[in-house]
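Here's a walk through one protein model, taken a piece at a time. Keep the viewer open and follow along.

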Amino acid sequence: MNIPEIIIVNGMGLVLMILLQISRHMTRRNRRLDDHLLTVLVATAATAMVLETTSFLVDGLPGFGWRLVNILSNTGLYAMTIIVSTTWMFYVDMHLYRDRKRLPRYQPLLIGGTVLVAGLLVNPFFPFYFQIDANNEYHRMPIGYLFYVYLTVCFILTIVVAKRHRKEFRRAQFFPIPMFLVPVIVCSVVQILFYGISTSWAGVAVGIVGVYINLQSRQSFVDGLTGLYNRQFLEHQMLIARQDKQSGYFGIMLDIDRFKAINDTLGHSVGDAALSNTADILLRAVGMGGQIFRYAGDEFIIILKTDLEEDVTAMEENIRQECDRFNREKGRLYELALSMGHDRFDPAVDSEDSFLRKIDRQMYVDKNRHRALAGETK
């Protein structure tokens, strides 16, 4: 064992966790459950790095006291594996769906994790996960690999949940699973294959920091209410469209009809729900066919990479059908209708502002038509 390297690696990981928590504490706002779960992840990783360093330092030292420390520190490490795996699984689900009612679906797996942890209470007396021999040296036993099986199952479930969420909603708010899994898996495999090398918990620390940085950077391009891309990212997409010489682009601007009436009569919280419902409608209708942006207030923009106007009109029809499906559902406090206008983006002629004005004018043609059919005045 190379004790100085173990201390340095885990020490650097511990510093990362401390700095991350300080940063989160300085910028925290209203804390959701997924924020608290991230705190648990950070605390678990930090604790595990302390325990792991301790276990290596006392391994092989004579005396009952050191033996007891070795048993307790390794017992804690095995428990930390269950805690971090479970917390990561909950964190991904809550960050994506923000629905506590989903968590009981993991109960069968939690029962398995609880059984594994309960076995740690018996292990010091009847070793089957790991053994501390008469020389106070640690030995991993075959059944101990069940903890890695549990970890693997949790990781696979997070991948499945993220893919399902992306398929269902296709929001910009996807989760950077590989940012966490890659360093954790690589570092864990290295430590499994080469006993005496301490890398697994430092890998967890790197993964947590990677996820946090990635999510923070993406938040600057995502609308917090709807989960759609925001106006800032629209500017980025328009730059890409201008530089793309191989493909054509169309834009659709959409506006919620009578949105002010929803806000005024039902309240702003219901108005927020209407915006979120509209985002869901657009996501289902557009699918992978375009990018959706919340432009301002109750206005949305879709950018489509196509040369055919027929593709655009077909998408607008999909949107109308999704609105109709929403309105037919029972118990709705309001109905949703969208005015839409589209036009082609011509990089040789259009600036971003002139292009947006074009599709805005087309949208108001449709809005005025809806008002005339309803007998409304402007």
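## Two odd backbone spots

Let's start in a loop: Arg258 sits between strand 3 and helix 9 (259-266). Keep in mind throughout that this is a predicted model. Arg258 isn't a glycine, yet its phi is positive, at about 55°. As for solvent, Arg258 is partly exposed, with a relative accessible area of 46%.

Asn136 is another one to click on. Its phi is near 60°, again a positive value in a residue other than glycine. Asn136 belongs to the loop between strand 1 and strand 2 (138-140). Is Asn136 buried or exposed? With a relative accessibility of 3%, Asn136 counts as buried, whereas Arg258 is partly exposed.

## The sheet

Now for the strands. Four of them make an open sheet, ordered 4-5-3-6, with antiparallel pairing. Strand 4 (290-296) and strand 6 (338-345) are the edge strands; each has a single partner, so one side of each has no neighbour in the sheet. Going from one strand to the next, the twist averages 20°.

Strand 4 and strand 5 (residues 299-305) run antiparallel and are joined by six bridges. If you want a landmark there, Ile292 stands opposite Ile302 in strand 5. Strand 3 and strand 6 also run antiparallel, and eight bridges join them. Over on that pairing, Phe250 has Arg344 in strand 6 as its bridge partner.

Strand 6 may be an edge strand, but it is mostly covered, with six of its eight residues buried. Which helix lies across the sheet strands? That's helix 12 (residues 352-374), which lies across strand 3 (249-256), strand 4, strand 5 and strand 6. Relative to strand 6, helix 12 runs at about 150°.

## The nonpolar cores

Time to look inside. The largest nonpolar core has 55 residues, and those with the most contacts inside it are Met17, Trp88, Tyr91, Phe175, Phe180 and Ile208. Plenty of elements chip in: among those that each supply at least two residues are helix 1 (3-27), helix 2 (33-58), helix 4 (107-122), strand 1 (130-132) and helix 7 (200-219). Which helix gives the most? It's helix 3, with 15 residues.

Trp88 is a handy place to centre your view. Leaving aside residues up to four places away in sequence, Trp88 touches Leu41, Phe155, Thr158, Phe175, Ile177, Phe180, Leu181 and Val211. There's also a second, separate core of 29 residues, which includes Val270, Ala274, Val312 and Met340.

## Helix 6

Several of the names you just met turn up again here. The buried residues of helix 6 are Ile177, Phe180, Leu181, Pro183, Val184, Ser188 and Gln191. Of these, Ile177, Phe180 and Leu181 are among the residues touched by Trp88. In general, an α-helix has 3.6 residues a turn, so residues three or four places apart point the same way.

A quick sanity check on the geometry also works out. Helix 6 has 17 residues, and at 1.5 Å a residue these should span 24 Å; the end C-alpha atoms are 24 Å apart, which agrees.

## Rings around Tyr78

The structure holds 17 aromatic pairs, and Tyr78 gives us two to compare. With Phe130, the ring centres are 5.1 Å apart and the planes are at 25°; stacked means planes under 30 degrees apart, so this pair is stacked. It's a long-range link too: Tyr78 is in helix 3 and Phe130 is in strand 1, 52 residues apart. Both partners are tucked away, as Tyr78 is buried with a relative accessible area of 9%, and Phe130 counts as buried at 2% relative accessibility.

How are the rings of Tyr78 and Phe147 arranged? Their centres are 4.9 Å apart and their planes are at 85°, so that pair is edge-to-face. Here Tyr78 in helix 3 links to Phe147 in helix 5, 69 residues apart in the chain. Phe147 is buried as well, with a relative accessible area of 2%. Zoom out a little and you'll find that Tyr78, Phe128, Tyr129, Phe130, Tyr138 and Phe147 form one aromatic cluster.

Note on methods: Residues are numbered from 1 along each chain as its sequence is written. This is a predicted model: local features need pLDDT of at least 70, side-chain atom pairs count only at pLDDT 80 or more; totals for chains, interfaces and linings use all residues. Side-chain values use heavy atoms; hydrogens and water are left out. A nonpolar core is a set of buried Ala, Val, Leu, Ile, Met, Phe, Trp, Tyr and Cys residues joined through side-chain atoms within 4.5 Å. Buried means under 20% relative accessible area, exposed over 50%, partly exposed in between (1.4 Å probe, protein chains only). Helices (H or I, at least four residues) and strands (E, at least two) are DSSP runs, numbered from the N terminus. Contact means heavy atoms within 4.5 Å. Two strands pair if DSSP finds at least two bridges between them. Axes are lines fitted to C-alpha atoms, for helices over the stretch in contact, and angles run from 0 to 180 degrees between N-to-C directions. The expected span of a helix is 1.5 Å times one less than its number of residues. Rings of Phe, Tyr and Trp (its six-membered ring) pair if their centres lie within 6.5 Å; planes under 30 degrees apart count as stacked, over 60 as edge-to-face and the rest as tilted.
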